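The exercises below concern the two-chain structure shown next. Each has a task and a worked solution.

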Amino acid sequence: MELSKAQFKSIFDTYYNPLCNFCRKYLNDRGDVEDVVQDVLVKLWQNKDKIHLQKDVKYYLFTSVKNKAIELIRSRKRKGEIRDSLIPEKNYEDPVGDEVDSTILKEKLYNSIRQLPPKCQEIFVLNKVNGLTYNEISEELKISPKTVDNQMRRAFKLLREKFEITK
Amino acid sequence: MSIVKSLKNIINNSDEEQKIDMWLKEYNANSEVLNDILVQESDMDFLKDYQDFSPASAWNKIESQILEDKKPQAREIPMLFKIAAAGAVLLLSIFAIKPYLSSELAGGMETYAYESKDMLNLPDGSSIIIDKGSSLEYNKLNFTDERHIAFDGRAYFDIAKSKSGKNFMIENDEFTVEILGTEFEINTITENPEVIVSEGKVRVSTDNESVIITANESVSIIDGKIVKELVESANNKSWITGQLDFENQTMDKVIEDLEHHYNVNIVAESVDFSCTWRATYENDSLQGILDELKETRGASYAINGNEVSISNISCQ
C-alpha cells in the first residue's frame, strides 16, 4: 500500500490509543501493551510496500495486535515465565470486527469527555462512568446538587455540540 | 473531522473511493451511536477501564524507529484518566439584602418589597416590571440627580434616557449595573445571578471586573466571576408575558426555561437532556407542566418551595 509519513501519522493518531486499550484484554502489563502496539505500527510502516489490504487498515492493525499479544504470551509460557492454562486462539481472519468498532467508539467518547472543562468532566465521570448519584457527588465534592445538575447539563450540551460537529 | 480529512489523504486511488464512502457511512453511524449513548443517557461504566496511553511519547519512539534512529527512550509515566481534585465551589449567597443606606440616617429613602409581580414607574420616566419576592430601594430626594437604586430579586428594566447626564446605576451584593440606555433583566434570585440585555448596552461590574454587554447577551456571576453568554432562548421574557413556547427544544433548554419562567432551581437527575419537547403554555402552573411530563415522559418530580427536583424523563 501507498503510505506517506503524514498518512502513517494520522493512522497512528486515530488508532494508537484504541489499539492499546484493545490489547489490554490480552496483556496486563502496560509496558507490554505499549511494546506490542508500537511493534505492530512500526511493522506496518516498514512493510508498507509488501502489505496489500483487502479491508480497512484498522482490521489489519487490530488483528495484528491480537496475534502479536498471543505470541508474546506463548513465548513466555514456553520459557516458563508464566503458567496460564488458557491461551487465546490465534486467528488470521477477522476475529475482532465488532470489537474494533466498539473500541474506536469508546475512544471517541473518551476523548470527547476528556475535552470537557475540568469541573464538568469530573462531575460527568462521577455520575455517568462511576455511577454516583447527584447527592453522592454533591457530598463528595462539597457542592450543591444544583451545581452538579448545572454541570451535567453543560456536559451534555458540550458533548452534543461536539458530536454534531463530528458529523 | 480531522480523521475524515486524514483518511481522505490516505486513500486517493479511485478504486478505493468506495471504501472511504463506506468508512464515512460507518463513521456517521458511530456518531449516531454516540448520540444515542447521550440521548439514552445510559451508564458509561464501560469507560471505567479505558485508559490514555500517552500517544505523544509513543509517537516519539515510533518516529525514532521508522527513521532508523534507534535512540533508546525512557518509558514515560502514564497519564491516567485522572479526576481533578475537587476545587472549592463558592456558593453565592442569594437574597442577602444588604441595606445600602440606613433609612434613619438618610432621609428620603423609599423601600419597596414586592409580594406579587408589579410595575413601578420611577420619577425619571424609567419603568420596572418587578417579580414577586423582590425588593428595591432608592432615595427620592436625590433620585433624579443620582439615578441610583439598590435592587435584589428579579426585574425587567426599561430605563429612560438621562436628563441629568447621569447613568442609571443598580446595585446589589454581587455586582453593579451601569445602564448606558436600554432594556434588560436583572435576576439575583437564581444561584448564579444574571443580567440579560434586550436592547442597548449596560456595564456590569463586580469588585474585580467589569464587562459591557449589548442586546441578546447576558452575564452570570458564577463563583464570583463574570461569565458572558449569548441569549439563545425565545422564552426570555416569558415570565412577564406568561407565555412559554417550546419548539422542539432539547430537555436541558426546556428545564432552563422553566427555571427562568418560574424562578425556581431545578435539579434534574436521570433526564435525557438531548430529547426534545414541543408545547406551548399560557399562564400554566409549573405543576401542570410537570404533570404533563409525568404522563407523557414518565417523569417524577417534587416541588419544595423554590427547589424542584425532576427525575427520569425519557424520550418517549
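pLDDT is the predictor's confidence in each residue, on a scale from 0 to 100. This is a predicted model, in which local features need pLDDT of at least 70 and side-chain atom pairs count only at pLDDT 80 or more, while totals for chains, interfaces and linings use all residues. Residues are numbered from 1 along each chain as its sequence is written, and chains are lettered from A and ligands numbered from 1 in the order in which they are written.

**Exercise 1. Confidence**

Task: State the mean pLDDT of chain B and where in chain B confidence is lowest and highest.

Solution.
- Step 1: Chain B has a mean pLDDT of 73, with 73% of its residues at 70 or more.
- Step 2: Helices (H or I, at least four residues) and strands (E, at least two) are DSSP runs, numbered from the N terminus. On that basis, confidence in chain B is lowest in helix H1 (residues 2-10), at a mean of 39, and highest in strand S16 (residues 300-304), at 92.
- Step 3: Two residues are in contact if their C-beta atoms, placed from the backbone, lie within 7 Å. Residues 1-17 of chain B stay under pLDDT 50, and the model has 17 contacts beyond four places in sequence for them. Residues 69-106 of chain B also stay under 50, with 55 such contacts.
- Step 4: Where pLDDT is low, predicted coordinates should not be read in detail.
- Step 5: For the model, the scores are ipTM 0.76 and pTM 0.53.

**Exercise 2. The two chains**

Task: Give the secondary structure, burial and contact range of chain A, then those of chain B.

Solution.
- Step 1: Chain A has seven helices and zero strands, in the pattern α-α-α-α-α-α-α along the sequence. Chain B has seven helices and 17 strands.
- Step 2: A residue is buried if 20 or more other C-beta atoms, placed from the backbone, lie within 10 Å of its own, exposed if 12 or fewer, and partly exposed in between. Of the 167 residues in chain A, 37% are buried; of the 316 in chain B, 28% are buried.
- Step 3: Among contacts with a separation of 6 or more, residues 24 or more positions apart account for 61% in chain A and 42% in chain B.

**Exercise 3. Helix H3 of chain B against chain A**

Task: Describe how H2(A) crosses H3(B), and then how H1(A) crosses H3(B).

Solution.
- Step 1: Axes are lines fitted to C-alpha atoms, for helices over the stretch in contact, and angles run from 0 to 180 degrees between N-to-C directions. The axes of H2(A) (residues 30-46) and H3(B) (residues 55-66) come within 10 Å and cross at roughly 40 degrees.
- Step 2: Angles under 35 degrees count as roughly parallel, over 145 as roughly antiparallel, 65 to 115 as roughly perpendicular and the rest as oblique. H2(A) and H3(B) are therefore oblique to each other.
- Step 3: On the H2(A) side, the contact is made by Glu34(A), Gln38(A), Leu41(A), Val42(A) and Trp45(A); on the H3(B) side, by Ala58(B), Lys61(B), Ile62(B), Gln65(B) and Ile66(B).
- Step 4: Ala, Val, Leu, Ile, Met, Phe, Trp, Tyr, Cys and Pro count as nonpolar, Asp, Glu, Lys and Arg as charged, and the others, Gly among them, as polar. This contact of H2(A) with H3(B) has six nonpolar, two polar and two charged residues.
- Step 5: The axes of H1(A) and H3(B) also come within 10 Å, crossing at roughly 120 degrees. Phe12(A), Asp13(A), Tyr16(A) and Asn17(A) meet Pro55(B), Ala58(B), Trp59(B) and Ile62(B), which gives six nonpolar, one polar and one charged residue.

**Exercise 4. Positive phi in chain B**

Task: Where do Arg147(B) and Ser270(B) lie, and is each buried or partly exposed?

Solution.
- Step 1: Most residues other than glycine have a negative phi.
- Step 2: Arg147(B) has a positive phi, near 50 degrees, and lies in the loop between helix H4 (143-146) and strand S5 (148-152) of chain B. Arg147(B) counts as buried because it has 24 C-beta neighbours inside 10 Å.
- Step 3: Ser270(B) also has a positive phi near 50 degrees, but is found in strand S14 (residues 265-271) of chain B. With 15 other C-beta atoms within 10 Å, Ser270(B) is partly exposed.
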